[in-house]
Structure formats: structure tokens, C-alpha cells
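Reader: Please take me through this structure one feature at a time. For each, give the general idea and then the case at hand.

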Amino acid sequence: MADTTTSDHFRDLTDLHGIEADCWRLLQAAVHDKSCGWRLPALATCSNGELRQRTLVLRKIDAHSHRIFAHTDARSPKIKSIRSSPNVSWLFYDATRQVQLQLTGIATVHTDGDVADRIWHGEAESSLRGYLAAYVPGSIRPMPESNLPTGVRIRVPDRNELSAARGNFAVISCEVGTADWLLLQPDGNLRARFTYEDSAVSTADWLAP
Ligand SMILES: Cc1cc2nc3c(=O)[nH]c(=O)nc-3n(C[C@H](O)[C@H](O)[C@H](O)COP(=O)(O)O)c2cc1C
């Protein structure tokens with residue numbers, strides 16, 4: 001069951017390590033909680049001098065290895081960008097809790113292989129329908145285009161139909177290197193930064209907001 005109460009996170013605002021742990025608890029809750037703002041981060045990439053940001057659904061986190069996961073179309077421009085320049089940044093904002101999180105890290109693209117296979121098989125059919133898209137995402141079309149085959153526009157395809165989409169499915173994982181947390185409060189904002197090395201917190205500092 002997703003954790004949705006504001007008071008369940010960031011209770012002790014003097015405890016740096018508690019705040020760091022709560023960032024990962026809230027990321028975990030956000031994976032399942034559609035009302036949590038951290039479920040829809042913006043992912044920023046930069047390659048060949050071209051900066052881009054886009055909203056993605058946070059699909060999974062691994063709090064132990066400090067990795068986060070999202071899904072996308074393997075043909076989309078962000079994949080080429082990540083492959084050539086894997087340093088990325090993620091921006092999360094939860095308006096209910098008034099808490100922002102900026103993560104930076106190294107992203108990896110998984111298309112074939114175990115990671116993508118396991119996630120593909122574990123996902124609901126309804127979340128995989130978009131990977132049946134006939135055209136490369138972002139390609140110019142002569143008229144308005146939903147990029148869904150007509151047969152599945154108003155119904156969820158079954159696993160058999162979805163097998164044609166597997167080649168378009170990619171997982172983006174990101175090993176987090178820094179986390180910058182900012183809490184807005186009427187009596188003064190608070191900010192902290194954490195860095196990670198070899199799956200462990202290597203520094204934890206209060207910052208001036
Ligand atoms: C609320 C919301 C959620 C989205 N979730 C995803 C997602 O999980 N994966 C994805 O590839 N695109 C998602 N998109 C679309 C992306 O923001 C973006 O338009 C698309 O992936 C193409 O990005 P690119 O051209 O930079 O590769 C979402 C858009 C919105 C508005």
C-alpha cells in the first residue's frame with residue numbers, strides 16, 4: 001500500500017541521515033502513489049550541446065544501490081542522447097509536501113537482456129501498449145497522429161499482440177551520484193545535499209537554501 005501522508009516523511013528536520021533515508025522512502029512511495037508529485041520527474045539530458053528535458057514516470061527504485069528506473073521507447077531521441085552522454089539530471093517536486101529533489105547521476109539504457117526482459121514481463125499490458133507505436137517518436141507526420149495501431153486505441157492489447165512491441169521497449173536506469181533536497185516552509189526553507197559512492201552515502205551536508 002502506498003504511503004501518502006505528508007507527516008510520514010521529513011519529521012525530524014535536524015537529522016540529516018533521516019532526511020536522506022526519507023528521500024528514498026518517498027521515491028519508493030512515489031512509484032505506486034499517483035498523487036505523489038515525485039512520481040513524474042523531469043529528466044534532463046545534454047549531448048552535443050543540445051539540452052532537453054521531458055517528464056517521465058518513475059517506475060522503480062533500488063534504495064540499496066541508489067538507482068532509479070524509468071521506461072521509454074528505445075527509438076526516442078533521449079536514448080541516443082543518453083548513450084552518447086550518460087550524465088543526466090532528474091528534477092522532482094511534490095507540491096503537497098512542498099519538497100523538491102534534484103538528482104544527478106549516470107544513466108544506462110537497457111534494451112535486450114535481463115533487466116529489460118524482467119521489467120517487460122512484470123509490467124501490466126496497459127502500460128506497454130504505447131510500445132506498439134508504428135512511427136519513431138518525434139518523427140514528422142502529415143496529420144495528427146496518436147501513433148497507436150487502430151486496433152488497440154480503445155482496448156488493451158494482450159501479451160500475444162504486445163510481443164511485436166518488445167523491441168521498442170527500453171529501461172533507463174540511473175545510478176545516483178548526488179541528491180539535493182529542498183523543503184519549503186513558512187518559517188524558513190531547509191536544504192541538504194548528499195553524495196554517493198559505491199552504493200553508500202559518502203557526504204551529507206546542510207546547504208544554505
Ligand atoms: C505526465 C507524463 C508522463 C510521461 N511519461 C513518460 C514515460 O514514462 N516514458 C516516456 O518515454 N515518455 C513519457 N512521457 C513523454 C515524454 O515527456 C516525452 O515527450 C517523450 O518521451 C519524448 O521524449 P524525447 O523526444 O526527449 O525522447 C510523459 C509525458 C507526460 C506529460
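Author: Begin with the rings: a search of the whole structure finds six aromatic pairs. Rings of Phe, Tyr and Trp (its six-membered ring) pair if their centres lie within 6.5 Å; planes under 30 degrees apart count as stacked, over 60 as edge-to-face and the rest as tilted. W24 and Y196 make an edge-to-face pair, with 6.1 Å centre to centre and 85° between the planes. The two are 172 residues apart, W24 in helix 1 (residues 16–32) and Y196 in strand 8 (residues 190–197), so the pair links distant parts of the chain.

Author: Before going on, note that this is a predicted model, in which local features need pLDDT of at least 70 and side-chain atom pairs count only at pLDDT 80 or more, while totals for chains, interfaces and linings use all residues. Residues are numbered from 1 along each chain as its sequence is written, and side-chain values use heavy atoms, with hydrogens and water left out.

Reader: How are helices and strands assigned, and are W24 and Y196 buried or exposed?

Author: Helices (H or I, at least four residues) and strands (E, at least two) are DSSP runs, numbered from the N terminus. Buried means under 20% relative accessible area, exposed over 50%, and partly exposed in between (1.4 Å probe, protein chains only). W24 counts as buried because its relative accessibility is 5%; Y196, at 9%, is buried too.

Reader: Which residues form an aromatic cluster, and where does a charged end sit over a ring?

Author: F10, W38, F92 and W181 form one cluster. A charge sits over a ring if NZ of Lys or CZ of Arg is within 6 Å of the ring centre and within 35 degrees of the ring normal. The charged end of K60 is placed that way over F69, 4.6 Å from the ring centre, and that of R141 over Y135, 3.6 Å from the centre.

Reader: What is a nonpolar core, and which residues touch the most other members of the largest one?

Author: A nonpolar core is a set of buried Ala, Val, Leu, Ile, Met, Phe, Trp, Tyr and Cys residues joined through side-chain atoms within 4.5 Å. The largest here has 38 residues, and W38, I68, W90 and W181 touch the most other members. Helix 1 gives the largest share, eight residues. Contact means heavy atoms within 4.5 Å; leaving out residues up to four places away in sequence, W90 touches ten residues' worth of neighbours including P41, L56, I68, L103 and C174. Another core, of twelve residues, lies apart and includes A116, W120, L162 and V171.

Reader: How do I read the faces of helix 2?

Author: An α-helix has 3.6 residues a turn, so residues three or four places apart point the same way. In helix 2, K78, I79, S81 and I82 are buried. Seen down the axis, these fall within an arc of 165° (taken from the directions from the helix axis to the C-beta atoms), so they line one face. P77, K80 and R83, on the other side, are exposed.

Reader: Which strands pair with strand 6?

Author: Two strands pair if DSSP finds at least two bridges between them. Strand 5 and strand 6 are antiparallel over eight bridges, with L91 opposite Q102. Twelve bridges join strand 6 to strand 7, also antiparallel, and there T108 has S173 as its bridge partner.
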